[in-house]
Amino acid sequence: MVLDNFKDWKMETFSILDKNGKVTNKEKEPKIDNDTLVKMYKTMVYTRMADEQALKYQRQGRMLTFAPVKGQEAAQVGPMAASDKGDWLVPAFREMAAMLYKGVPLQKLYLYWYGNEQGSHFGEGSHILPVNVPIGSQVNHAAGIAYASKLKESGEAVIAFIGDGGTSHGEFHEGMNFAGVFDLPLVTIIQNNHYAISTPRSKQTKAASLAQKAHAYGIPGALVDGNDPLAMYVVTKAALERAKKGEGPTLIEALTYRLGPHTTSDDPTIYRSDEEVEEWKKKDPIIRMYKYLSNRNLWNKEKEETLRKDYKKEIQDTFKAVEKLPAPTLDEVFDYTYTEMPEYLQRQKEARKAQAKSGGDR
Ligand SMILES: Cc1ncc(C[n+]2csc(CCOP(=O)(O)OP(=O)(O)O)c2C)c(N)n1
Ligand SMILES: [Mg+2]
């Protein structure tokens with residue numbers, strides 16, 4: 001009958017590398033120059049090391065909190081390598097690899113999770129939005145920037161990141177729908193890491209894929225192996241080309257996995273099995289990229305050892321520098337959201353200052 005096929009929008013997962021870094025889709029293998037390939041890999045390693053180190057600092061009581069990215073590096077580095085310098089990055093809160101690739105210094109990211117507002121300031125002219133925790137909001141912000149880009153004819157596209165859980169928020173729909181209607185230069189990447197804190201993907205939507213939601217907006221959707229940096233590169237590149245030709249937005253679902261906890265206050269062993277985690281460890285994007293590069297004689301054990309030694313020191317020095325910086329003032333907590341502070345916020349600021357004075361804290 002007429003309704004029989006409504007569930008059959010299951011899409012094929014696009015990939016280029018298998019889990020051993022072997023090219024299985026020669027026809028689609030991108031021609032990325034060697035320096036860029038190595039930069040992609042190095043950023044993944046740097047992110048992994050900075051990520052693991054951040055977790056340790058938090059456990060030592062030296063870092064406020066942290067949202068680990070471990071396992072999702074390829075889903076972020078591939079798209080960033082495909083983008084141009086002027087393209088905008090609209091992250092959520094787990095996009096350390098994307099931000100580092102785009103040039104945000106690690107010190108800024110550590111400052112953010114250390115509770116210092118300076119970690120959200122990347123300087124004038126930066127096309128990177130700061131870490132943004134309210135779930136779903138990213139797509140509306142990104143659609144707004146894409147609209148501005150279209151009006152100004154700046155030729156810049158926007159890449160927004162959102163999680164599988166984020167797609168259940170109204171703002172995801174509003175932003176995607178708006179971008180579709182106005183053919184905006186937006187590429188939305190859903191990092192489907194299979195969980196929204198403890199809520200599994202199966203409880204997020206009855207749809208067979210998140211990418212198929214693109215159909216409802218009248219735009220292309222792609223389901224991609226998110227642990228394959230080359231596949232993520234190729235699909236994002238195609239989406240950016242479309243965006244810049246005025247053909248409108250694209251929705252990409254990157255299938256990946258969060259190997260660590262949701263944040264430092266989460267215990268994932270309560271809601272997922274060790275077997276499941278072990279299965280995903282075998283698909284680690286860093287191992288895959290390492291093998292691809294070494295097969296092409298672009299990387300080897302000696303280079304790896306030197307790199308890790310250098311990064312270890314750099315990461316530790318960065319955090320020590322963060323610890324030495326003066327603590328942020330109460331003013332900073334309020335001052336940066338608006339050019340002119342609305343009255344209600346002004347009142348809150350005064351009240352908080354009075355409270356701090358009487359309570360003796362900052
Ligand atoms: C509007 C809003 N509601 C609730 C939260 C609390 N919260 C933080 S992360 C998260 C889950 C997000 O899951 P997902 O979108 O899959 O992203 P992931 O954490 O897996 O990267 C929730 C509910 C929030 N930050 N914002
Ligand atoms: Mg998720």
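**Ligand 1 and a helix pair**

In this predicted model, a nitrogen atom of ligand 1 lies 3.1 Å from a polar backbone atom of I135, a polar contact in the sense of a pair of N or O atoms within 3.5 Å. Two oxygen contacts accompany it: an N or O atom in the side chain of D164 is 2.8 Å from an oxygen atom of ligand 1, and a polar backbone atom of G165 is likewise 2.8 Å from a ligand oxygen. The protein covers 70% of the 590 Å² of accessible area that ligand 1 has on its own (Shrake-Rupley method, 1.4 Å probe). Surrounding the ligand are 15 residues, the closest being R94, D164, G165, G166 and N193, where a residue counts if one of its heavy atoms lies within 4 Å.

Turning to the helices (DSSP runs of H or I, at least four residues), the axes of α1, residues 34–59, and α2, residues 73–82, come within 10 Å and cross at roughly 145°, the axes being lines fitted to C-alpha atoms over the stretch in contact, with angles from 0 to 180 degrees between N-to-C directions. In this contact (heavy atoms within 4.5 Å), T36, M40, T43, M44, T47 and R48 of α1 meet E73, A74, V77, G78 and A81 of α2.

Residues are numbered from 1 along each chain as written, with chains lettered from A and ligands numbered from 1 in written order. Local features need pLDDT of at least 70 and side-chain atom pairs pLDDT 80 or more, while totals for chains, interfaces and linings use all residues, and side-chain values use heavy atoms, without hydrogens and water.

Notes
A polar contact is a pair of N or O atoms within 3.5 Å; within protein, one must be able to donate a hydrogen and the other to accept it, and residues adjacent in sequence count only if both atoms are side-chain atoms. Helices (H or I, at least four residues) and strands (E, at least two) are DSSP runs, numbered from the N terminus.
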